[in-house]
Amino acid sequence: MSNVGIVIVSHSPLVAEGAADMVRQMVGDEVPLAWCGGDPGGGLGTSVEAIMQAIERAWSEAGVAILVDLGGAETNSEMAIEMLGANKAGRIAICNAPVVEGAVMAATEASGGASLAEVRATAEELSPA
């Protein structure tokens, strides 16, 4: 059985890469992991195409949990999910959680074979009520 994949989307490529590095160092290679950040011109922002590519890199039949930093990253992630089609969209969840802590906790849960719903719930426990 495959583990849920994790995608980190940030307006800053350095933030996304740093968070992914923390996940990899803490969880290892047992969880499919991808990240993306920045706009196509090299500035701050996000790209629907880059998010779609990150989802594909982290794809798992168990699903993919996405962690985002700001509202624009969430909106573009929603568009990317829609563009991937209904078959994959049903196995992708955007987590309402802090990027770094949420990604680490989500990946830790995923590494134990948890379902997408369990991974999402664990990440979202970190959000303020």
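These legends go with a few views of a predicted protein model.

**View A. The overall fold mixes helices and strands.** Count them up and you get six helices and four strands in the protein. Starting at the N terminus, the elements run β-α-β-α-β-α-α-β-α-α. The radius of gyration is 13 Å, close to the 14 Å that the globule rule gives for 129 residues, so the protein is as compact as a globular protein of that length. If you want a feel for the dimensions, the C-alpha atoms fill a box of roughly 40 × 30 × 30 Å along the principal axes.

**View B. The inside of the protein, with its buried residues and contacts.** Of the 129 residues, 48% are buried. Now take the contacts between residues at least 6 apart in sequence: 76% of them join residues at least 24 apart.

**View C. The surface and the charges of the protein.** The accessible surface comes to about 6,200 Å², and carbon and sulfur atoms account for 54% of that. As for charge, the protein has 5 positive and 17 negative ones. Average the positions of each set, and the two mean positions sit 7 Å apart.

**View D. A close-up on Thr122 in helix H6.** Helix H6 covers residues 116-124, and Thr122 is one of them. Is Thr122 buried or exposed? Its relative accessibility is 13%, and since buried means under 20%, Thr122 counts as buried. Leaving out residues up to four places away in sequence, Thr122 touches Met105 and Glu109.

Terms used. Residues numbered from 1 in each chain as written. Predicted model: local features only at pLDDT ≥ 70, side-chain atom pairs only at ≥ 80, totals over all residues. Heavy atoms only, no water. Helix = DSSP H or I, 4+ residues; strand = E, 2+ residues; numbered from the N terminus. Rg over C-alpha atoms; globule rule 2.2 N^0.38 Å. Buried < 20%, exposed > 50% of the residue type's maximum accessible area, 1.4 Å probe, protein only. Contact = heavy atoms within 4.5 Å. Areas by Shrake-Rupley, 256 points an atom, 1.4 Å probe, with all protein chains shown as cover. Lys, Arg positive; Asp, Glu negative; His and termini not counted. Charge placed at Lys NZ, Arg CZ, Asp CG, Glu CD.
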